[in-house]
Amino acid sequence: MQRITILGATGSIGASTLDVLARHPEQYSVYALTAHGRVEELADACRRFKPARAVVGTPEAAQRLAQLLAGLPTVVEHGEQALCDVASCLEVDTVMAAIVGAAGLAPALAAARAGKKILLANKEALVMSGQLFMDAVRENRATLLPIDSEHNAIFQSLPQGFASEYARDPQAAGVAKILLTASGGPFLMRAVETLEAVTPDEACKHPNWVMGRKISVDSATMMNKGLEVIEAHWLFGAPADLIEVVIHPQSVIHSMVSYVDGSVLAQLGNPDMRTPIAHALAFPERIASGVPQLDLTQMAALQFYQPDFGRFPCLALAFDALRAGGTAPALLNAANEVAVQSFLDREIGFRDIDRVIARVMDAVPHGPAPSIEAVLAQDARARESARGFIAQLRR
Ligand code: NAD
Ligand code: MG
């Protein structure tokens with residue numbers, strides 16, 4: 001029996017994870033569920049899965065959840081320390097890290113330091129502190145399995161055992177390129193000059209995936225792919241030049257690995273996050289996920305294009321941050337989180353997102369990232385700087 005904590009249980013990934021777990025009650029038990037706000041939804045999940053512990057963001061939310069769960073054995077807690085504890089305590093084997101944004105870093109890192117099996121959806125944690133996170137995984141013999149569909153596909157297309165060997169070297173394994181596919185999001189074909197005026201709802205209407213609002217906006221700007229390039233760098237030890245982004249609007253191929261002998265290995269499937277979740281949960285075995293089998297005969301043509309960096313400046317900003325190294329990706333991530341939230345709150349326009357990030361990257365100096373404290377300090381500076389630029393734009 002694998003005992004599992006789901007960080008971010010009320011989100012899109014959290015719900016898909018619960019769906020897969022419910023199909024295999026004899027193999028998995030839920031130890032803890034966490035959520036920030038949506039207390040009613042968390043209460044529903046607690047009634048269904050009966051975790052030992054549940055964690056929410058505030059004392060008020062905890063009080064409300066405790067009332068809703070009166071009579072159940074679930075212990076209700078709140079705050080970051082409790083999140084870290086349910087991610088690292090002895091009773092847990094596996095942690096699904098599915099909190100969105102920088103808020104997920106501390107608990108994901110706690111799981112790494114405790115040597116857990118970590119199913120990583122929260123790409124922002126790795127973007128912010130890639131070296132420190134990977135060091136913690138290695139030093140504590142944690143297991144890190146990618147949930148992001150592209151990275152899960154790359155993992156499946158690499159030689160078996162590649163990612164579990166700590167001295168990873170894709171070139172030594174004969175890898176010529178990691179081909180990271182991208183749908184291009186809802187604005188792939190839209191006239192560039194009309195992008196200034198798009199609304200949050202338009203930006204969140206992804207053609208192939210149903211996801212949380214932050215990652216949906218990231219997909220529309222292609223910052224999501226930029227964050228994924230950085231994520232791939234850390235997960236697979238791949239330099240920036242080994243990673244190529246390929247636009248593939250159908251999202252049937254979830255990414256590929258091209259080898260020096262001319263072979264290209266790919267993972268295909270219907271676009272449904274339950275596939276990578278089930279893969280990582282059961283790895284190295286396979287379990288049913290509830291995702292219908294791919295019917296190749298029903299598929300229209302598969303298309304592939306080079307990305308247009310002029311249409312998607314966020315993608316170029318992310319490559320720049322990866323090449324700059326140190327705290328630059330943490331600055332990029334923090335500026336993006338603030339800008340996206342401000343766009344969702346209708347304070348700035350869609351194209352202001354990349355403008356704010358570019359200005360923060362110019363204004364806030366980056367340097368080495370020797371500790372989590374240093375990374376968090378740069379994260380705070382970038383957020384403050386982004387808020388300043390947003391205030392200027394609104395004037
Ligand atoms: P979501 O917005 O649907 O859910 C986010 C979850 O995090 C919720 O449970 C919420 O309660 C919790 N949360 C939010 N802020 C928090 C805070 N400050 N403290 C503690 N908990 C907090 O997001 P999602 O789409 O499920 O994405 C989650 C993560 O997975 C993101 O990092 C995203 O990039 C990544 N991801 C998502 C998908 C997808 O298909 N949804 C695919 C690949 C990667
Ligand atoms: Mg992805």
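Me: Ala, Val, Leu, Ile, Met, Phe, Trp, Tyr, Cys and Pro count as nonpolar, Asp, Glu, Lys and Arg as charged, and the others, Gly among them, as polar. What makes up the shell around ligand 1, by class?

Reply: The shell has eleven nonpolar, seven polar and three charged residues. Bear in mind that this is a predicted model, where local features need pLDDT of at least 70, side-chain atom pairs count only at pLDDT 80 or more, and totals for chains, interfaces and linings use all residues. Residues are numbered from 1 along each chain as its sequence is written, chains are lettered from A and ligands numbered from 1 in the order in which they are written, and side-chain values use heavy atoms, with hydrogens and water left out.

Me: Why is the H36 pair with ligand 1 called a polar contact?

Reply: A polar contact is a pair of N or O atoms within 3.5 Å; within protein, one must be able to donate a hydrogen and the other to accept it, and residues adjacent in sequence count only if both atoms are side-chain atoms. A polar backbone atom of H36 sits 2.8 Å from an oxygen atom of ligand 1, so the pair qualifies. For A121 the value is 3.4 Å, again backbone to ligand oxygen, so that pair makes it too.

Me: How do you know that C46 is in no disulfide?

Reply: A disulfide is a pair of cysteine sulfur atoms within 2.5 Å. The nearest cysteine sulfur to C46, that of C89, is 15 Å away, so there's no disulfide for C46. The structure holds zero disulfides.

Me: Why is C46 called buried?

Reply: Buried means under 20% relative accessible area, exposed over 50%, partly exposed in between (1.4 Å probe, protein chains only). C46 has 0%, so buried it is.
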